[in-house]
Structure formats: C-alpha cells, structure tokens
Amino acid sequence: MRSLSDMKSLFDWTWLLVALLAASAWAGALLWPDLGLRHDVGLLGVQLAGAIPAMETNHVGELGAILGIVALNRFLFSRDKAFYIVLFIAAMVTLVFAQSRSPITGFLVAVPLMLFAARRIGPIALTAILLFAALTLTSFTDIFWEFFLRGQNEVQFSSLSGRTEGWVLGWELFKRSPLLGFGAYAGGRFAVLTELGRNLSASEWSSVLNTWLEIMIGVGLLGLVFVAAAFIRTWVNLLSSAFSSPTASLTHCLAVESIGILALISVRSMFTTEIFWHPPLTFFLVMGYGEFLYRLHKYSRRREAVFAARTSPTV
C-alpha cells in the first residue's frame, strides 16, 4: 500500500467481501432453512447461522456488527447518506437475528469510541439522553435483558455458555508451561479440549474461546509478548492519528473506522480466537493501516527535517 487511496480501496474490497458473506447467510436461511436457521432460540425464536459456507451464529453476528460500524462511519463522513442508512439497517437486522452476545457488546462499545474519535460531541450527548430515557421511562431494559439471555438460565449465562470451565482448565495447564506453552494452534485444542471432551457443551469447540488464553497455552508468555505488542501498537497508532488528523480527512475517516473495528475485535477477543485464527483479515487490515499511518507520519517528519535543513541560513 503506497498511498491513502490504495488503503481506501483495500478497506472497500474487504467490506464488500464481508457484505457478500453476510448476504450468503440470509440466502442460506431462505434456501436451506434447516441449516441456516436455528429454531426455538431466545426471544426471537430463530437464530441466523450460515449454511453455505457454514458459519456459526457468532460469526454471522460479527459480520453484522462490522457492517454496522462501517455504515455508521461512512454516514458520518460521506455525502451518500441514503445508501449507508440502508446498509446500517440491514447490518442491525443481521446482528439482532444472529442473537450473538459478544458482537452486540462489541458494537455497543465501538459506537461511542467512534463518535468520540470522530469529534461528534452532539451525537454522543444525544445518544446518552435517548439511552437514559429508554432505560428509565420504558420497559426496554427488561426486553433487552430477555433478548440478551437468549433463553438461558442464570447458571448458563454466568458460565458464558460453558466457557469458564475451559478457561479454568486452560489456566491450570498454562501454569505447567508458562514460557513456551504446548504448541501453537495445538495447546488449546489438544491439551484443554481433550480434558473437556466428555463435556457436551465443549464437544464442538475448536479452541478455548479466548484469544489471550489460547495464545498463552499455545506459545506461552514469550509468544504473548509479540501479539500484545502488535495489538497495543495498533491501538496507539490509530488513536494518535484520529486525534491529530484534520477532521473529515480520508486519514481521519479510515482511522475512526479502524478504531470501531478494533474495538469490536478487542471485545470479541475475550470470547473467541479473534486476532490470530483462520486468518484474521479484519485485524490484519486495521493493524496494517495503523502501521501505514505510523510510517506515513515518520516519513513526513523526516521530509520536514530535510527541508528545514536545506532552507536554514548558513552560519
């Protein structure tokens, strides 16, 4: 990527692929409802999954959250408001019918961060007022909580659909080999899940469903250092660019968009292997953009220093 326009094209192509994948979930629900829909789930009674290609409901919900973040950001900065309103509505419908809690939580975390980074104080205040009114003057809280529970009882919800059992066992195994782990992409699957194989709630898992614990079990603390460094540096690069770039510039627009996506990924990383598994295209995209911004800033400073040296008076 040699220019901002190249980066913009890469973003657009990535979101197009995400949109097509989300559309395939709805097509599967229409053509193969026995595969694309799970029945008797939660408040809505149906849960959207992927048929061809096969996708878990969590992944379908994440696609809806990604498209919702992109549509909201483009609505803030683009002149083509109508298209992004339609896209946002379609994304929210996908997110709701997937009934996936971590994408919903990630989306709710991403929106205020994006508005703050976009320097839209008015929408932040309006959102806060509307949310306060909805929580205090209506039955929205009860309805949302019933939807969020997804038909589970308190024991199932508090165990995060059985995840905590795997996390406890994973932590115990990590303490046996804290520096090097049990092998990348193998520790969680073969060390932890073998022990949980008799548990029906974990019979379809392919990991321990937590990015950071999976990394520690797989490659230990030595491997975690590199992933955490890339993760933190990406946050620093994006935030510094968002607050230093001219408002509504292309640099600023893509930085705000990346912050929203990274916020979603950050939340999802606590419940999935979001950052490094099969391959993490959205994380690679925002990490690459953060590094692009860092190098662009570094190049600009070096060019300014050279210009200043050439134009300074000779003593």
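Select first the residues that line the second largest pocket, 22 in number, and centre the view on Met92, Phe107, Leu108, Leu131 and Phe140, which lie nearest its centre. A pocket here is an open set of points on a 1 Å grid over the protein atoms alone, where a 1.4 Å probe fits, with protein on both sides within 12 Å along at least five of seven lines, and lining residues have an atom within 4 Å of a point. The model is predicted, so local features need pLDDT of at least 70 and side-chain atom pairs count only at pLDDT 80 or more, while totals for chains, interfaces and linings use all residues. Residues are numbered from 1 along each chain as its sequence is written, and side-chain values use heavy atoms, without hydrogens and water.

Colour the lining by class next: 21 of its residues are nonpolar, 1 is polar and none is charged (nonpolar being Ala, Val, Leu, Ile, Met, Phe, Trp, Tyr, Cys and Pro, charged being Asp, Glu, Lys and Arg, and polar the others, Gly among them).

Now show α5 together with α12 (residues 250–268), whose axes come within 8 Å and cross at roughly 150 degrees; axes are lines fitted to C-alpha atoms, for helices over the stretch in contact, and angles run from 0 to 180 degrees between N-to-C directions. The two helices, α5 and α12, are therefore roughly antiparallel, a term for angles over 145 degrees.

Finally, turn to α3 (residues 57–77) and α4, whose axes come within 8 Å and cross at roughly 155 degrees, so that α3 and α4 are likewise roughly antiparallel to each other.

Technical notes. Helix = DSSP H or I, 4+ residues; strand = E, 2+ residues; numbered from the N terminus. Parallel < 35°, antiparallel > 145°, perpendicular 65-115°, else oblique.
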